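These are my notes from going through one model, entry by entry. I wrote down what I looked up and what I found, in the order in which I looked.

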Amino acid sequence: MTTSTVAVRARDLQLRYGRTTALAGVSLTLRDGVTGLLGPNGAGKTTLLRIIATAVPPDHGDLSVLGADPRTGPGRLAVRRRLGYLPQDPGFHPNFTAFEFVDYVAILKELTERRSRHAEVRRVLAEVGLDAQRQKPVKTLSGGMRQRLGLAAALIGGPDLLILDEPTVGMDPEQRLRFRELLAELGEGRTVLLSTHQTEEVMLLCQQVIVLDQGAVRFEGSPAELAALATGRVWTSGSRAPGALASWRTGTGLYRHVGDPPPGADLLEPTIEDGYLMLVDVASAREVPA
Ligand SMILES: Nc1ncnc2c1ncn2[C@@H]1O[C@H](COP(=O)(O)OP(=O)(O)OP(=O)(O)O)[C@@H](O)[C@H]1O
């Protein structure tokens with residue numbers, strides 16, 4: 001694919017679960033490179049990823065994935081052949097070894113020739129750093145290792161589109177760093193869509209960021225543009241600012257505030273987390289469902 005290739009084009013995607021509106025009309029375009037999908041709990045991120053991955057159809061809206069129409073059977077097949085999808089719960093069979101699990105996925109991906117399939121399984125396990133764990137039962141792997149195993153399965157066959165739902169959950173800082181290196185490499189020449197709660201990850205890794213809140217896109221642009229939304233809205237002082245959107249005491253002993261600064265405030269450079277706070281309904285962002 002060339003750098004300007006559009007991998008996903010969505011227009012007015014809507015989906016309801018009973019009385020809950022998960023997606024209220026989402027339009028977006030995804031190109032080559034890594035796109036981060038940010039949003040509070042319940043914003044609709046997983047639902048959007050599942051629709052793009054052809055796991056569920058939308059109630060309404062148009063979608064084109066890798067040039068195919070997922071509404072048709074042949075379209076879904078065409079997408080699935082070129083897609084790598086890491087869901088939040090990949091459904092590991094606990095008694096499988098790491099190798100057996102990825103091999104199983106490779107068979108589902110139509111890699112029928114045993115020798116080349118096994119070579120591909122070894123390749124993706126090495127790519128995610130699980131070479132040494134190949135023969136270990138999945139149930140004995142740590143949470144971070146299982147995440148990497150899920151990623152290995154998603155990488156089978158070298159997909160053109162990678163959809164990853166909170167892939168760094170359970171990883172320690174070193175694993176996260178390795179994962180970033182890997183994803184940055186994977187984002188060269190293909191499209192990666194990554195849902196995450198880690199704004200730092202988005203800043204360090206993503207060329208594009210989409211913020212979803214209450215089933216709608218609140219922002220689509222670069223991480224720098226997201227941060228810039230909070231320009232002039234972040235300041236520091238020696239005491240708490242009760243009217244601010246967010247206000248906390250930092251390690252320096254000074255307070256950092258996001259919101260409407262008083263005249264003459266000591267302004268700070270905003271981060272993408274600050275820009276994010278400008279967009280989402282802070283009350284709902286703080287509410288963490290059980
Ligand atoms: N199978 C389902 N049945 C009913 N409601 C659902 C179902 N799946 C999701 N929802 C609801 O749809 C909304 C969007 O959920 P979704 O999982 O897409 O959000 P999310 O942004 O991925 O959240 P999180 O960050 O917590 O993973 C939420 O209100 C959720 O409770």
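**Entry 1: a glutamate in a loop**

I began with E166, which is partly exposed, because 19 other C-beta atoms lie within 10 Å, and the cut-off for a buried residue is 20 or more. I then looked up where E166 sits, and found it in the loop between β6 (161-165) and α6 (173-186). Its phi is near 45°, which is a positive value in a residue other than glycine. I noted beside this that most residues other than glycine have a negative phi.

**Entry 2: how far to trust the coordinates**

Before going on I reminded myself that this is a predicted model, and I looked up its confidence values. The mean pLDDT of the protein is 91, and 95% of its residues reach 70 or more. The stretch that I set aside is 284-290, where the pLDDT is below 50, although the model gives this stretch six contacts beyond near neighbours in sequence. Where pLDDT is low, the predicted coordinates should not be read in detail. For the model as a whole I copied down an ipTM of 0.96 and a pTM of 0.91.

**Entry 3: the shell around the ligand**

Which residues are around the ligand? I listed Y17, T20, A22, G39, N41, G42, A43, G44, K45, T46 and T47. Sorted by class, this shell has three nonpolar, seven polar and one charged residues. Two elements, β2 (20-31) and α1 (45-52), give two or more residues to the shell, and the largest share, three residues, comes from α1.

**Entry 4: helix α1 and the residue after it**

Since α1 had come up at the ligand, I checked how its residues are covered, and found that seven of its eight are buried. The buried ones are K45, T47, L48, L49, R50, I51 and I52, and of these I had already met K45 and T47 in the ligand shell.

Just after α1, T54 takes a positive phi of about 65°, and I placed T54 in the loop between α1 and β4 (60-65). Is T54 buried or exposed? T54 counts as buried because 21 other C-beta atoms lie within 10 Å.

**Entry 5: L212 in strand β8**

I turned next to L212, which lies in strand β8 (residues 208-213) and counts as buried, because it has 25 C-beta neighbours inside 10 Å. Leaving aside neighbours within four places in sequence, I found L212 in contact with L37, G39, A43, G44, K45, L48, V217 and R218. Among these contacts, G39, A43, G44 and K45 also stand in my list of residues around the ligand. The C-alpha atoms of L212 and L37 are separated by 7.1 Å, although the two residues are 175 apart along the chain.

**Entry 6: helix α3 and the nonpolar core**

In helix α3 (residues 98-108) I marked A98, F101, V102, D103, V105 and A106 as buried, and the buried residues of this helix pack against α4 (114-127) and α5 (143-155). α3 is followed by E110, whose phi is positive, near 70°.

V102 came up again when I looked at the largest nonpolar core, which has 72 residues and in which V102, A152 and I163 touch the most other members. The largest share of this core, seven residues, comes from α5. For A152, not counting residues up to four places away in sequence, I listed V102, V124, L125, E127, V128 and L130 as the residues it touches.

**Entry 7: the two assigned domains**

The domain assignment of the protein gives domain 1 (83-158) and domain 2 (227-286), and I noted that their C-alpha centres lie 43 Å apart. I also noted that the largest nonpolar core draws at least three residues from each of these domains.

**Entry 8: M278 in helix α9**

My last lookup was M278, which I placed in helix α9 (residues 272-279). M278 counts as buried because it has 22 C-beta neighbours inside 10 Å. Which residues is M278 in contact with, leaving aside its neighbours within four places in sequence? I found L229, A230 and R233. I also recorded that the C-alpha atoms of M278 and L245, which are 33 residues apart along the chain, are separated by 8.4 Å.

Conventions: Residues are numbered from 1 along each chain as its sequence is written. This is a predicted model: local features need pLDDT of at least 70, side-chain atom pairs count only at pLDDT 80 or more; totals for chains, interfaces and linings use all residues. pLDDT is the predictor's confidence in each residue, from 0 to 100. Two residues are in contact if their C-beta atoms, placed from the backbone, lie within 7 Å. A residue is near a molecule or strand if its C-beta atom, placed from the backbone, lies within 6 Å of it. Helices (H or I, at least four residues) and strands (E, at least two) are DSSP runs, numbered from the N terminus. Ala, Val, Leu, Ile, Met, Phe, Trp, Tyr, Cys and Pro count as nonpolar, Asp, Glu, Lys and Arg as charged, and the others, Gly among them, as polar. A residue is buried if 20 or more other C-beta atoms lie within 10 Å of its own, exposed if 12 or fewer, and partly exposed in between; C-beta atoms are placed from the backbone. A nonpolar core is a set of buried Ala, Val, Leu, Ile, Met, Phe, Trp, Tyr and Cys residues joined through C-beta atoms within 7 Å. Domain bounds come from an automatic or database domain assignment.
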